[in-house]
Amino acid sequence: MMIRRFSCFLLFLCLSFPVAGRAQEGGVANAEPSMEQRVSDLEAYINNVGRGSDSADSTVKSNVGGSGPGHNAWMMVSAALVLFMTLPGLALFYGGLVRTKNVLSVLAQCLGIAGLVTILWWAVGYSLVFSRGGPVFGDLSFAFLKGVGSNPNTDYSYWVSHNVFSMYQMMFAIITPALIIGAIAERMKFTAVIAFVTLWMFAVYFPVAHMIWGIDGIMNGMWNAASRVKAIDFAGGIVVHMTSGWSALILCLILGKRIGFGKELMAPHNMVLCMVGTGMLWVGWYGFNAGSALASDGVAANAFTTTTLAAAVASFTWAVMEYALKRKPSILGFCSGAIAGLAMVTPACGFIDTSSAVIVGLVAAIVSFFACFKLKAWLGYDDALDTFGVHAVGGTLGAFLAGIMATPGANAGLLANLKDVVGKTLWLEQLKAIGLIMTLSIVATAVIACLVKFTIGLRAETGVEREGLDLPEHGEAGYTF
Amino acid sequence: MKKVEAIIKPFKLDEVKESLTGLGLKGMTVTEVKGFGRQKGHTELYRGAEYVVDFLPKIKLELIVKDDEVKKVIETIQKAAHTGSIGDGKIFVTQVEAVLRIRTGETGESAI
């Protein structure tokens, strides 16, 4: 009885507060909605479209104001899942792959980036990416999260709270630079990582995210009818994996190889941690991919399914290739395959059907496998934990495949602004976006890396690198039993 | 008194211990060690990066025995730790000058 009374009270709160908030916002007292309008607003919630009062010239108020509980709940869970990918998923995945003496440095870099990017996001980052402004950057109207409240921002979602949307997108901004750590592990000093990431967010992440996802972004083919490049990127194959992957390659080239690379034993110190981290990444990726529908709807359901298939197929395929070539399917093989599949399906997951997802999984495993096994050896760079081989290769190829495989059958939204290109020349648009983003990532990273190198320096001192970064840089040891 | 020191394969520890306690031995010390002999190391493969691991994990077993037990003990260890493949390990026997039980102060063979 108590519970029932309490839930009635809660329902009352949910329904009444947002309504009050919206009514005050408008300034002008709008007319009471008719019964038909009230029903239509409820349908709009179920179908994830705008209510009557959401249109600019509406004179009717809505009794279904504020955010929609179902969509909002899913997006809060998704935001937490995406954070879980970095803390501790990626931290453990990378942490397990380094040597004992450097495990804490990886964890510290992940934690440091989480804090740093959150502050940047609050101050100006969110605004630069998601406010209306120009083709490359937003303006500062949401700086310090001003005006980012619990009511939806209808530029992006009719039913998800603006602050929830902002936090959800922030988790992407956190994991993207954290992915770069994999390439520079075991030798870059902590202060240099922080300095590099700060500049990199402004030069690469914020503009790229605005260009691809911002409502007036120059490459937002999905939502911006006036975009110059009609590109699609469902969950960040371009914005997250391409930017981090290509930047990682350039940064590790400028940084140089680890002392003893190719001569000393640099085997992972704990494959169990690595597997635990991979599992968390895979689980968290549902928030990343299915959450990118920005609603708990059919598009999210499809993305959930394609994500699962691509990850599983790629993980299994990688291990099968190892078995065929070396007779030993390894844990790192299963893990690398899963991450490669997830990275490659990311830009496509909300646009493709299930059979395409299986093909993506196969391609992801085969191409990333050869990037890590052969390409790295041929080119001789020291991408310690294969950020390039997995993320750059996965993100880039995935973005291209999304252009070929995207079908309105999986996502009717493709018929809005992309009707003329989808199934035809969308892949060309994808290539344009890939070329532009790749160039930007490479050039900006080269400039920033040199800037940091010639001011505070990129590398830890030789003695520090030999001893391991944990004790000299962080004053702690990972294992003391 | 003699010290018998045996380096054996880790998975053989239980068998060796069972056979030794079967002889009536009352104590032993076991350490996890690493090293290599003629078996050399092995290679590990991580995403294409091949590493030669020189030091393999082994178990070092130490026990102090009376002079007349030595022969029996090393025969038992050899039998239990034997697989026939390379890397089975080695047994060393050295002279022990004195033994003292800390609790009671006993010395000599009665302290073993």
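The exercises below, each with a worked solution, concern a predicted model with a chain A and a chain B.

**Exercise 1. Describe the overall build of chain A: how many helices and strands are there, and how does the radius of gyration relate to the globule rule?**

Begin with the secondary structure, where chain A has 16 helices and zero strands. Next, take the radius of gyration, which is 23 Å for chain A and lies close to the 23 Å that the globule rule gives for 481 residues, so chain A is as compact as a globular protein of that length. The C-alpha trace of chain A can then be followed along its principal axes, where it spans about 75 × 50 × 45 Å. Finally, turn to burial and contacts: 56% of the 481 residues of chain A count as buried, and of the contacts in chain A with a separation of 6 or more, 76% are made by residues 24 or more positions apart.

**Exercise 2. Decide whether His210(A) is buried or exposed, and find which residues are in contact with it.**

First locate the residue: His210(A) belongs to helix 6 of chain A, which covers residues 190–213. Then apply the cut-off, by which buried means under 20% relative accessible area; His210(A) has 0% relative accessibility and therefore counts as buried. As a last step, leave aside the neighbours within four places in sequence, and the contacts of His210(A) include Leu128(A), Phe130(A), Pro135(A), Phe137(A) and Asp216(A).

**Exercise 3. Work out which parts of chain A the salt bridge between Lys61(A) and Glu32(A) ties together.**

Start with the distance, since the side chains of Lys61(A) and Glu32(A) meet in a salt bridge at 2.9 Å, N to O. Now place both partners: Lys61(A) lies in the loop between helix 2 (35–47) and helix 3, while Glu32(A) lies in the loop between helix 1 (2–26) and helix 2, so the pair ties together parts of chain A that are 29 residues apart in sequence. The two partners can also be sorted by accessibility, for Lys61(A) is partly exposed at 26%, whereas Glu32(A) is exposed at 58%. To widen the view, notice that Arg99(A), Glu186(A), Arg258(A) and Asp382(A) are linked in a network of salt bridges, and that the structure holds 20 salt bridges over all chains.

**Exercise 4. Characterise the contact between chain A and chain B: how many residues take part, and what area is buried?**

Count the participants to begin with: 16 residues come from chain A and nine residues from chain B. The two chains bury about 1000 Å² between them, and 64% of this area is on carbon and sulfur atoms. Within the area that chain A buries against chain B, Leu265(A), Leu332(A) and Phe373(A) supply 36%, more than any other three residues.

Polar links come next, and here the count between chain A and chain B is one salt bridge. This salt bridge joins Asp386(A) to Arg47(B), with the closest N and O atoms 3.0 Å apart. Across the interface there are also four residue pairs in polar contact, counting pairs with both residues at pLDDT 80 or more. On the side of chain A that touches chain B, the elements that give two or more residues are helix 3 (69–97), helix 9 (298–326), helix 10 (331–345) and helix 11 (354–379). By class, that side of chain A has twelve nonpolar, one polar and three charged residues.

Definitions and conventions
Residues numbered from 1 in each chain as written. Chains lettered and ligands numbered in written order. Predicted model: local features only at pLDDT ≥ 70, side-chain atom pairs only at ≥ 80, totals over all residues. Heavy atoms only, no water. Buried area = accessible area lost by both parts, 1.4 Å probe. Salt bridge = Lys/Arg side-chain N within 4 Å of Asp/Glu carboxyl O. Polar contact = N/O pair within 3.5 Å; in protein donor to acceptor, adjacent residues only side chain to side chain. Helix = DSSP H or I, 4+ residues; strand = E, 2+ residues; numbered from the N terminus. Nonpolar A, V, L, I, M, F, W, Y, C, P; charged D, E, K, R; others polar. Rg over C-alpha atoms; globule rule 2.2 N^0.38 Å. Buried < 20%, exposed > 50% of the residue type's maximum accessible area, 1.4 Å probe, protein only. Contact = heavy atoms within 4.5 Å.
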